[in-house]
Amino acid sequence: MAEFGYSQTLDRSIGKFASFAAGVSYISILTGTFQLFYFGFGTGGAAYWWSWPLVFAGQIMVALSFAELAGRYPVAGSVYNWSKQLAGPATSWLAGWMMLTASIVTITAVVLAYQLVLPQIWSGFQVIGDAADPTAAAANAVILGGLLIVFTTVINAIGVKLMAQINSTGVFIELIAAVLIIVLLAFNIVNPPSVLFDTSGFGEGTSMGYFGAFLVAALASAYVMYGFDTASSLGEETVDPRRTAPTAILRAVIASFVIGGLILLLLILTAPDLSNPDYGVKSGGGQLILLQVLGGPVGTVFLVAIAIAITVCALAVHTAAIRLMFAMARDNALPEGARLAKIDPVHKTPVIPSIVVGVLALIILVVNIGSPEVFTAVTSVAIIMIYIAYLLVTGPMLLRRLRGQWPDAAARGSGYFSLGKLGLPVNILAVLWGVVMSINLAWPREAVYGAGWLAWSAFIFIGAIIVVGLAWYGLRGRHRVGTLPEHMAQQLEEAHEVDPTLPAPGPRPEGSQA
């Protein structure tokens, strides 16, 4: 920590499995595959499955680049701090700002998945009206989701040890359940593999044909496979993070690809009737296929496992948002930075960010009651912002590679994870993938964002987030950014006390002038 100008203030107690579990639970195989199966299948048919390996091919390039950075810079708020080491202060601040706002919105999107699962387990979970009524379902989703946000807020405020124990237990259950689902579905295959090449008429009569429909359906996979950087965001609380975080990032992505890909594949191959329109709507989807194939009692047990997966996914996203808020606040890069960066002396965790993130997520969640179409658009935009935040890391990293500044001498001689000669081609592919997928995600489509002005939601909301954020940074933020004294490494704090005119010794891009 002293190497980066910080003192050790967080509780370093997370082991290898807990670090791996943090990345897996953010991606959340069961949450993502079942929550979004209806969208992929409903817009691209069975052939949409090919988007899963496609998205993996792109995201593994990003993950490999991140793994190299995780071994060199194992500090909280991974994306923000990585960008800070690779790019200028404005770029790194924007990366952190976009990732933070997107993470808070993502919490609300994740907790809404409760509504897709809990009422199917027990009708008593439908507190308001009928689950078939969209208005009642939206209101009930806010109640269930709100309770989950309160839970994740309390757990994160108590401390990282409890969070890690719950998260690791949940991920263990999720992985066991996922493997069992795969095994049981494998014994109930009724459709031939050839259905994976059946476009089912999607895209007919349009200028781009099925390719256009496939690009839309691919969003279902793109919406799942991200968040693997969480393993490194907990670097300050991980034992031996330079070795643990890189492998945890890669294992999380690969495990999610293999297990999630098999679940999606077998849902398609075991579906009793692929022409059933209910597979392409929220109230049906993959959950319906699971219940049809495995029967009521067995299917219900697995729905409980999916509910557990949703719980730990929300917990992991909340945790990652807290660490990012803390990392930026510690550098005085957010309003009220000193308050947000305060560590509770008993629980050794930033309690105020836990509460602030939870409250903001609850406020955003309420929008789902009156305007669910606006909420859907905003949550879709949040995922684009995460892809852009990733680009604000891989892009500057590529520029440094091309200038011969990465990996630097310290990284080359560290003995930690390195891509070696593969670094440049992997980095190029990561950047290209990020640009292409960001454009695809943001493209104005009624099927994704809604009609009218909502179709342009990505450009409107992202533009607003960037303008508001950079306006604050330009007018106030950039004049005050620097490590807060209470978080400085001791020797740097002493030097600053001797000569207060010295700049606050926050970490700077390597090679820049002090």
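This short talk covers the cavities in this predicted model and one helix beside them.

First, the ground rules. Residues are numbered from 1 along each chain as its sequence is written, and side-chain values use heavy atoms, with hydrogens and water left out. Because the model is predicted, local features need pLDDT of at least 70 and side-chain atom pairs count only at pLDDT 80 or more, while totals for chains, interfaces and linings use all residues.

What is a cavity here? On a 1 Å grid over the protein atoms alone, it is a set of points where a 1.4 Å probe fits but cannot get out. Lining residues have an atom within 4 Å of a point. Volume is the space filled by probe spheres set on the points, which are joined across faces, edges and corners.

How many cavities of 30 Å³ or more are there? The count is 5.

Take the largest. It holds about 80 Å³. Its lining includes Tyr26, Met99, Asp229 and Leu324. Helices α4 (78-86), α5 (89-111), α11 (230-233) and α14 (296-330) each give two or more residues. Helices are DSSP runs (H or I, at least four residues), numbered from the N terminus.

Now the second largest. It has about 60 Å³ of space. Among its lining residues are Glu68, Arg72, Trp406 and Phe417. Helix α3 (residues 51-72) gives the largest share, 3 residues.

So look at α3. Of its 22 residues, 19 are buried (under 20% relative accessible area, 1.4 Å probe, protein chains only). Its expected span is 32 Å (1.5 Å times one less than its number of residues), and its end C-alpha atoms are 32 Å apart, which agrees.

Conventions. 1 Å grid on protein atoms, 1.4 Å probe; cavity = no way out; pocket = protein on both sides within 12 Å on 5 of 7 lines; lining within 4 Å. Buried < 20%, exposed > 50% of the residue type's maximum accessible area, 1.4 Å probe, protein only.
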